[in-house]
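Here is a short walk through one protein model. Keep the sequence and the 3D view side by side as you read.

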Amino acid sequence: MTALLAFIRAKKLPFFLTICYCVSRAANQVSEFKQRILNNQIVEYDYCLTSHTVALSDGTYCYCDLDSNLSFDDYISYAAKEQEKAKQQNSINEEEDDILGKIFISTIPWISYTALINPTPVPADSNPRITWGKYFMQNNKVLLPISVLCHHALIDGLHISKFYEFLDKEIITIIR
């Protein structure tokens, strides 16, 4: 994260969208992150969009879906426009059919944490949830807490470790 934060600052990039891009691309490289349980069967999507909330001026929020299957430069301008469009639509309505093909993204930029539990519906869905908190300095390095909540019938520790490996590679790719 140290080099990525320096890159973000030097290029004046939006922190959230930069991390969202890297997280989305990393998750989409792990087949199990694209699998869902539907009618007691496992289905795998070719590619999953991310879905995150966007804060509105009145203290509420709306949903924004993003496709990271673009170059980084194209993604940043596209994602900023999509967030503005989502604010104008001001909606949290989602089509039932569209929900399964998404990875839910969230951030808590005000705090760092060592553990996080996301709320899930009952019965639980099988969409992965990836959240990050506030970055912090430790031993002259910038660290960012990133947590993954997933359905253990589909994703286990090996798949989560692959996600983190791909995340490192995505970060390296954009800063070069």
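The tour goes from the core to the pockets, and then to three single residues. Bear in mind that the model is predicted.

Start inside. The largest nonpolar core holds 39 residues. Ile130, Trp132 and Phe163 have the most contacts within this core. Many elements feed into the core. The helices α1 (2-11), α2 (15-27), α3 (72-89) and α5 (157-175) each supply at least two residues. So do the strands β4 (61-66), β5 (102-108), β6 (129-133) and β9 (146-149). Helix α2 gives the most, with 9 residues.

Now pick out Ile130. Leaving aside residues up to four places away in sequence, Ile130 touches a long list of partners, among them Val23, Ala27 and Phe33. Ile103, Phe104, Ile105 and Ser106 are also touched by Ile130. The list further includes Ile146, Ser147 and Val148. Phe163, another of the residues with the most contacts inside the core, touches Ile130 as well.

Next, the pockets. The largest pocket has a volume of about 720 Å³. Its lining counts 27 residues. Nearest its centre lie Ile99, Phe104, Pro121, Asp125 and Arg129. Phe104 is also one of the contacts of Ile130. Which elements each supply at least two residues of this lining? They are β1 (35-38), β3 (49-55), β4, α4 (96-99), β5 and β6. By class, the lining has 13 nonpolar, 9 polar and 5 charged residues.

The second largest pocket holds about 440 Å³ of space. It is lined by 20 residues, and Thr53, Ala55, Thr107, Pro109 and Trp110 are the closest to its centre. Here α2, β3, α3, β5 and β6 each supply at least two lining residues. Strand β3 gives the most, with 4 residues. The lining is made up of 10 nonpolar, 8 polar and 2 charged residues.

Three single residues remain. Take Ser24 to begin with. Ser24 is found in helix α2, the element that gives the most to the core. Is Ser24 buried or exposed? Its relative accessible area is 1%, so Ser24 is buried. The side chain of Ser24 makes a polar contact of 2.7 Å with the side chain of Ser68. Beyond residues up to four places away in sequence, Ser24 touches Tyr47, Cys48, Thr50 and Ser68.

Move on to Gln35. Gln35 lies in strand β1, which supplies at least two residues of the largest pocket's lining. Gln35 has a relative accessible area of 15%. Buried means under 20%, so Gln35 counts as buried. What joins the side chains of Gln35 and Glu44? A polar contact of 3.1 Å does. Gln35 also touches Ile42, Val43, Ser126 and Leu154, once residues up to four places away in sequence are set aside.

End with Gly133. Gly133 has its place in strand β6, and β6 supplies at least two residues to the lining of each pocket described above. At 3% relative accessibility, Gly133 is buried too. Compare Gly133 with Ser106. The two are 27 residues apart in sequence, and their C-alpha atoms are 8.8 Å apart in space. Not counting residues up to four places away in sequence, Gly133 touches Ile108, Pro109, Ile111, Tyr113, Leu144 and Pro145. One of these, Pro109, is among the residues closest to the centre of the second largest pocket.

Terms used
Residues numbered from 1 in each chain as written. Predicted model: local features only at pLDDT ≥ 70, side-chain atom pairs only at ≥ 80, totals over all residues. Heavy atoms only, no water. Core = buried A, V, L, I, M, F, W, Y, C linked by side-chain atoms within 4.5 Å. Buried < 20%, exposed > 50% of the residue type's maximum accessible area, 1.4 Å probe, protein only. Contact = heavy atoms within 4.5 Å. 1 Å grid on protein atoms, 1.4 Å probe; cavity = no way out; pocket = protein on both sides within 12 Å on 5 of 7 lines; lining within 4 Å. Points joined across faces, edges and corners; volume = space filled by probe spheres on them. Nonpolar A, V, L, I, M, F, W, Y, C, P; charged D, E, K, R; others polar. Polar contact = N/O pair within 3.5 Å; in protein donor to acceptor, adjacent residues only side chain to side chain.
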